[in-house]
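Visitor: Hey, got a minute to walk me through this one? I'd like to hit the local details.

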Amino acid sequence: MKIAILGKPFDEETLPFLQALLDDLVARRTEVIIVESFHTYLDNRLRLPEGIGTFRRGDSLRDVQFVFSIGGDGTLLDTVTYVGALQIPILGINTGRLGFLATITVERIAQAIDALFKGHFVLEERSLIRVETDPEVFDGINFGLNEFSILKRDTSSMIVVHTYIDGEYLNSYWADGLIVATPTGSTGYSLSCGGPVMLPQTNNFIIAPVCPHNLNVRPLIVSDRSVISFEIEGRSNNFLLSLDSRSVAVDAGIQIAVRRENFAVRLVKLNHVNFLTTLRSKLNWGLDKRNPAGILL
C-alpha cells in the first residue's frame, strides 16, 4: 500500500501520536510520501523512518491508495486540491479545533489505521463546486468542497450581485457578498449566514447572501444540475472571489459561473462515524435534558 500525507503545524502534545502513526505505517511495510513542506516541518520534530519520500503540488499521486490529511478542516480542503479528479480516498486526522470534516482524533489514530488495513470503513462521496471565470483566476484549481463566495473588499460599500439560474434572472443581491455552498459547505460559512444544514447526499446548492440590505431576502436551495452565473457591480472596481480557503481579487466585468464538478471527493469514514453523529457532536445538537438519556452524541 502507498499512502500520501499532507499536514499543517500542530501542538507539541500531538507529536507522540504522529510518531506512532509513522512507525505503524512503516511496520506494515507501507510506502509513505509526505508533502515537501510538511516533511520539513516534521523532520525538525520527529524521528522520521528511513525511506519516506516527498512530493509537491503538481506531482502525480496516481499510484497512491489513500491520502492522510493531518490538521483541521482547512487542511482537508487543501488536500482535496491535491487529489482532484483522481478521487483518492482521504482520511482526515484532526489536530485542529472543530474537525467537522477531519473526524479522526489523534487518540484514535491507531484504531483508524487498523480499520483501514482491515477494510472496516466506508467511503462517503461529497460533491464539489466548479467555478468558471473569464479570465481564469484560480490557476486551474477551480473546484472546491465547501463553497464559492463573491465578497466586497475590506471596508468598501456593499455590492450588487446580479444572479441567474440557467440563464434566467433570479435576483439582484444588495449585500456584502453572496455564497454558493455545497451540501458539505452547508455547515460552514453558509450556516453562519442563516443557511440550512443539508445532508451530504443532497444534490443541491445553497445560494446565501452575506449581510443582505433587504432583510426579506433569504437563502435559497437550487438543484446542483443548474448553472448559476453572476454579474457584479459596486462603487469599487475590485471584488474578492473565494473558493474554500483560496481568495483572489478581481476587477469588475469578470464573467463568473458555477456548476457541479464532474468528479467527487471520497472521505474515509469509520463504521461508527457518520454525518449525523458528527452533526450532534460538533454542533452540540441533542444537548437537551429532555432528550432520551440513552442516545449517544
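Guide: Sure, here is a quick tour by topic; keep in mind that this is a predicted model.

Visitor: Let's do sheets. What's the strand order in the open sheet of six strands?

Guide: The order is β9-β8-β19-β16-β11-β12, and the pairing is antiparallel.

Visitor: Which are the edge strands?

Guide: Those are β9 (143-144) and β12 (168-175), each of which pairs on one side only.

Visitor: And how many bridges join β8 to β19?

Guide: Six, between residues 129-134 of β8 and residues 255-260 of β19, with the two strands running antiparallel. Within that pairing, R130 stands opposite R259 of β19.

Visitor: What sort of peptide bond joins D134 and P135, cis or trans?

Guide: It's cis, with omega at about 10°. D134 falls in the 129-134 range of β8, while P135 is in the loop between β8 and β9. For background, most peptide bonds are trans.

Visitor: While we're on backbone: what is the sign of phi at R29, positive or negative?

Guide: Positive, at about 60°, even though R29 isn't a glycine. R29 is placed in the loop between α1 (15-27) and β2 (31-35).

Visitor: New topic, then. How many aromatic pairs are there?

Guide: The count comes to nine. Take F38 and Y41: their ring centres are 6.1 Å apart and the planes are at 10°, so this pair is stacked.

Visitor: Where do F38 and Y41 sit relative to each other in helix α2?

Guide: They're three residues apart in α2 (residues 36-43), which means about one helical turn separates them.

Visitor: Now Q87. Where is it found?

Guide: Q87 is in the loop between α3 (73-83) and β5 (90-94).

Visitor: What does Q87 contact, leaving aside neighbours within four places in sequence?

Guide: F263, A264 and R266. With A264 there's a polar detail too: a polar atom of the Q87 side chain lies 2.9 Å from the backbone nitrogen of A264.

Visitor: Last thing, holes. How many cavities of 30 Å³ or more turn up in the whole structure?

Guide: Four. The largest cavity has a volume of about 40 Å³.

Visitor: Which residues line the largest cavity?

Guide: F100, L101, R126, K269, F275 and T278. That lining splits into three nonpolar, one polar and two charged residues.

Visitor: Which ones are the charged pair?

Guide: R126 and K269 are the two charged residues, and T278 is the polar one.

Conventions
Residues are numbered from 1 along each chain as its sequence is written. This is a predicted model: local features need pLDDT of at least 70, side-chain atom pairs count only at pLDDT 80 or more; totals for chains, interfaces and linings use all residues. Side-chain values use heavy atoms; hydrogens and water are left out. Helices (H or I, at least four residues) and strands (E, at least two) are DSSP runs, numbered from the N terminus. A polar contact is a pair of N or O atoms within 3.5 Å; within protein, one must be able to donate a hydrogen and the other to accept it, and residues adjacent in sequence count only if both atoms are side-chain atoms. Contact means heavy atoms within 4.5 Å. On a 1 Å grid over the protein atoms alone, a cavity is a set of points where a 1.4 Å probe fits but cannot get out, and a pocket is an open set with protein on both sides within 12 Å along at least five of seven lines; lining residues have an atom within 4 Å of a point. Grid points are joined across faces, edges and corners, and a volume is the space filled by probe spheres set on the points. Two strands pair if DSSP finds at least two bridges between them. Rings of Phe, Tyr and Trp (its six-membered ring) pair if their centres lie within 6.5 Å; planes under 30 degrees apart count as stacked, over 60 as edge-to-face and the rest as tilted.
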